Each structure stands twice: as structure tokens, then as C-alpha cells.
Amino acid sequence: MSALSPATPDRRDRALEVLLARDLEPIVDMVGWSPAPDLYEVASADGSVRFRREAGRADAFVVEAVAGKNPLALQDQTHFVGLGAERATPHPRRDQNSYPNGFEQFAQLFDHPSAPDLCVIHSASHYWGDQGGHLGEHGSLGVVQARAPFIVAGAGVAKLGMVELGCRLIDVAPTVLGLLGVVPADGRLLSAQDGVVVEPVLGEPGAARHLIGLLWDGANANVLYDLARRGVAPNVARLIADGTTLRHGALASLPTVTLANHTGILTGAHPGHHGILHNAWVDRASGQQVVTNSPSTWATSMQWLNPTVETLHHAVKRRIPGARTASINEPCDAGADYSTFGLVRNGERPMPPPGPDDLPDATARFVRPHKDYRWASRTDHSAVDQFLGVWGGDAVPPAFTWVNFTLTDSAFHEGGPYSEMAESAVRDSDARLGRILEAVERAGVFEDCAFFLVADHGMEESDPEVGGDWDRALAEAGVPCRDEGYGFLYLTGG
Ligand SMILES: [Zn+2]
């Protein structure tokens, strides 16, 4: 392997000709690229937009040209808010969909030195038959795939209930740090922060002595809020009642996939800036494939984190000298004192989870026949066990504890976001949340704790009728490329 240079305009145009052809339109929503620094183009089968970043401004953009229909015409975060609105337009077409912060989303991605030549955004309906096929999907720029829930509760939090507000996942870290103390005038609380403090969430800054962050991977915000309202998730409902919940959600950064956004939540920075660009990409310097989000690489994936980027663990310890922090079942664990993957790196193992017959809080009809549901239930059970270990005993509980739960992602993928399986995953996860809340009560510091619950991306119902694969079309047209993480195209060959 040797270094991989950016593609020439000719090669890029040949690939675009294939990707933007009408026959791929059902699966290719749009394609983005950066022809020159701070200049970007995004094109679909029926139009394109060219925009540039304003000099010296990370998040201000000027449209230079539109041809045909602007694929990023609607960037409204209030689009499809509420489960009824979301379900009224299943598999929205491009002209029915919204792409919030679309300019910033593409621009941040191309700031990474190993950004792809072309970023392909799959359509809302695309069913990845060739990749196993899931009834629930994410990864795109569309608002349903990007929208995660954001619930903040407890000490120091304003008690506003469900509010008509939204933010981005990169705003989560600075906002929750604001609960631990006074926010500096410039709002900067982390070294590489792209996000801002969501001020309305802050009630009494400094009132929280312990932060507890919970990630429910892939939990669709509209679905989760609806299940909490309907009594399926009483512990989530308890958090909602005891704080502030952003009804418009917190939007994942592009690509709206797992490890890029776990890291975004924990650093306040976009993937193009914190370094964990995708679940997989090509390191252009070496030409090697980088895989971060896989069981064999979770423990070492933070070698790709930009070393100047602070996590919440670093930032909490900077705010509270002498504080300890814990990171449970989370690959993005830089700076944590207790870490599940830290144990793995040391050749140790956290306590193995019990077999499926001995799992509490696990819906039997899904745990038995569904391999992913079973694996995720055991993994999440082990997360609760680790939490009880970290929070038990006589030691002062950690100032920040982060717990990554994975069952919601498995079930929302396999069954789709509106399925019985997804609902069961929320019910099971809620029971695990209940055991965490009980452990905090037992420790006698519940009144000093702030809790936040997020996901790393949304989940949208795909359409099994809309299959197909642009990689095959590119190969048939003789356009050599490497497609990493699905949708990151690196053009190779002459
Ligand atoms: Zn995920």
C-alpha cells in the first residue's frame, strides 16, 4: 500500500456521471465533494449547489451557484418532528426531506486529511440488501436518520419538560459541562469544541456534582419520546419529567454513523475535526484501510483520535481537580479512569455476562431467536453490572460516568424503528436504566446528579423494494474505487 492522492477532476467526473444517472436515483440521494479548500459541491440527479466557507468562519457559508434543483434547499430541523409527522411521509423523497445544517455537515467532513473523494448519501428508502439488509437504516444527512433524542435531567438542569428546541450532538458535551460550573464568556469548555452550550437547559450551573451520560445507540427520537409518553419507558419518562427534553432532537454529524458520533458527543467536535471520520475509511498517508467500529478494533480505535482533542473525561477532570471518571462499553474512552476497553487493552476482561436464560430485563421472544438481540442484551446487562461495580462500595462515585447501550441499535435495525422488536428494546433498556437510577439512589447522591440520555444517530424505516448498490454500477462502468464505511468513495487507478 502507498499513499492515496485525491482524485483528479476527470476521474471524479466519470464517477459522478454514474452516480447521478437516473437509474441510481432511487438509492443515491446526493453526492458531495470538495473541489478546492473551503469550496464544496453537492449534486443530485436533478440539480446541484456550490457553496464556500466564509473566510475565518467554520460554520458560515455562501452559496455561489445553484443549477436545477438545490438538493440542500430545505435545512429545517423542525421537519418531521413528532412521530405522527414522521410516519405520515415514509421513505421521503429528496424534495420531501430536510437536511439540517447541510452546508456545515459536508464542510466539516472534508476538513479531515483522509476525507473521501466523493461522499455518497443514500436515499431515505434505500435497503442495503447487499449488506445484509436492515428494516431500519441511518448514515445519511436526512433529518430522520440524523435526529437523536436529547434528555437532560436532575441537578442543575432547568425543569422545562418537553421543549420546542433542537441542537446538534456536538452541543451535548459543552452543555452538560455547563451543569458543573459557570460557563466561560466565550462558551469554550473543550479543546476542539465545534458545539455550543444549549443555554435553556441550564438551570443552576454548578449544582451538579456528578454527571451520568447514557447513550442508547440508534434510538429514533420521535419513537423514544412517544414510548416514554405511552408508559413503555417509565424511567425515561421520569428523566423527562425531571428536566428538559429537546423535542426537535440533537442532530448527528455526517456521516450519521456510530463511532463518528459517539466521539462527537464525547468531544463536542465534528468527525472531520476529532479524527474518527467514520466507522471505516482510508488513511490517505498510508493507503491503508482504517476500521474503527468493529469488535476487533474497539479497544484501539482511539489511536485515530486527534491528540489535541479533549473528551468529556479530560474536561470534567480539568473542571473538578482530583475527580475520577468511568467509561462503560465505550470505544471513545480517552481520559477515563475506569474503562471497559482499557481493561481489554490490559489483557483483562470485565465480568462475562450471564447466558440468555439468566438475563433479567430481556424480552424472551426476541432474545431466543435473534442473535443480535441476544448479543446486545448480554452486552448491555454487563454494562449495568459494571455500573453497579463502579458505583458500589465506599469510594466517592465518579464525577462523570458514561454508559453505552447497544440493544436499541440492534433492534431498531433488525425490526425497523416502529416494530415490536424496537419497542421491546426500549422496554428492556428502560429496565436497565431503572437499575442504574436505583444504584445512584443507594449511593445517596441522587440529588447531586445530572443525567443525560442521547443516541448517536436516528433510525429510518427503509423500503425492501428499493435495493441496489452503486458500487456495482461503478464497477460495471469501469470506475475503480474503494468504498469505505459505505458511501465514502476513494477513486483509485488511472
Ligand atoms: Zn450507532
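In this predicted model, helices α13 and α14 are roughly antiparallel to each other, because the angle between them is about 165 degrees and angles over 145 degrees count as roughly antiparallel. A second helix pair, α7 and α15, is oblique instead, and an open sheet of seven strands carries helices packed against it, among them α1. The points below take the helix pairs, then the sheet, and then the helices that lie on the sheet.

**Helices α13 and α14**

- Helix α13 covers residues 371–391 and helix α14 covers residues 407–415, and their axes lie 8 Å apart.
- The crossing of this pair, α13 with α14, is left-handed.
- On the α13 side the contact is made by Asp372, Tyr373, Ala376, Ser377 and Asp380, while α14 contributes Leu407, Ser410, Ala411 and Glu414.
- By residue class, the contact of α13 with α14 is made up of four nonpolar, two polar and three charged residues.

**Helices α7 and α15**

- The axes of α7 (residues 234–241) and α15 (residues 420–442) come within 7 Å and cross at roughly 55 degrees, and the two helices are therefore oblique to each other.
- From α7 the residues in this contact are Pro234, Asn235, Val236, Arg238 and Leu239, and from α15 they are Asp430, Leu433, Gly434, Leu437 and Glu441.
- The residues of the contact between α7 and α15 fall into five nonpolar, two polar and three charged.
- Asn235, which has its place in helix α7, counts as buried because its relative accessibility is 17%, a value under the 20% limit for that class.
- Apart from neighbours within four places in sequence, Asn235 is in contact with Asp430, Leu433, Gly434 and Leu437, and these four residues are listed among those that α15 brings to the helix contact.

**The seven-stranded sheet**

- The sheet is open, its strands follow the order β4-β3-β2-β1-β5-β22-β21, and the pairing is antiparallel.
- Strands β4 (61–68) and β21 (481–484) stand at the edges with a single partner strand each, so one side of each is left without a neighbour in the sheet.
- From one strand to the next, the twist averages 20 degrees.
- Strand β1 (residues 28–36) runs antiparallel to strand β5 (residues 118–122), and four bridges join the two; in this pairing Met30 stands opposite Ile121 of β5, and Val28 stands opposite His122 of β5.
- Strand β1 also pairs with β2, again in the antiparallel sense and over four bridges, and Val31 has Ala43 of β2 as its bridge partner.
- The strands β1 and β2 form a hairpin with two residues between them, and in the turn Asp38 has a positive phi of about 65 degrees.

**Helices on the sheet**

- Helix α1 (residues 9–19) packs on the sheet and touches β1, β5 and β22 (488–491), with its direction at about 170 degrees to that of β1.
- Helix α3 lies across β1, β2 (39–44), β3 (47–53), β4, β5 and β22, and runs at about 70 degrees to β3.
- Helix α3 spans residues 102–109 and is mostly covered, with eight of its eight residues buried.
- The buried residues of α3 are Gly102, Phe103, Glu104, Gln105, Phe106, Ala107, Gln108 and Leu109, a list that includes Glu104.

Methods. Residues are numbered from 1 along each chain as its sequence is written. This is a predicted model: local features need pLDDT of at least 70, side-chain atom pairs count only at pLDDT 80 or more; totals for chains, interfaces and linings use all residues. Side-chain values use heavy atoms; hydrogens and water are left out. Axes are lines fitted to C-alpha atoms, for helices over the stretch in contact, and angles run from 0 to 180 degrees between N-to-C directions. Angles under 35 degrees count as roughly parallel, over 145 as roughly antiparallel, 65 to 115 as roughly perpendicular and the rest as oblique. Contact means heavy atoms within 4.5 Å. Ala, Val, Leu, Ile, Met, Phe, Trp, Tyr, Cys and Pro count as nonpolar, Asp, Glu, Lys and Arg as charged, and the others, Gly among them, as polar. A crossing is left-handed if the near helix is turned anticlockwise from the far one by less than a right angle, and right-handed if clockwise. Buried means under 20% relative accessible area, exposed over 50%, partly exposed in between (1.4 Å probe, protein chains only). Two strands pair if DSSP finds at least two bridges between them.
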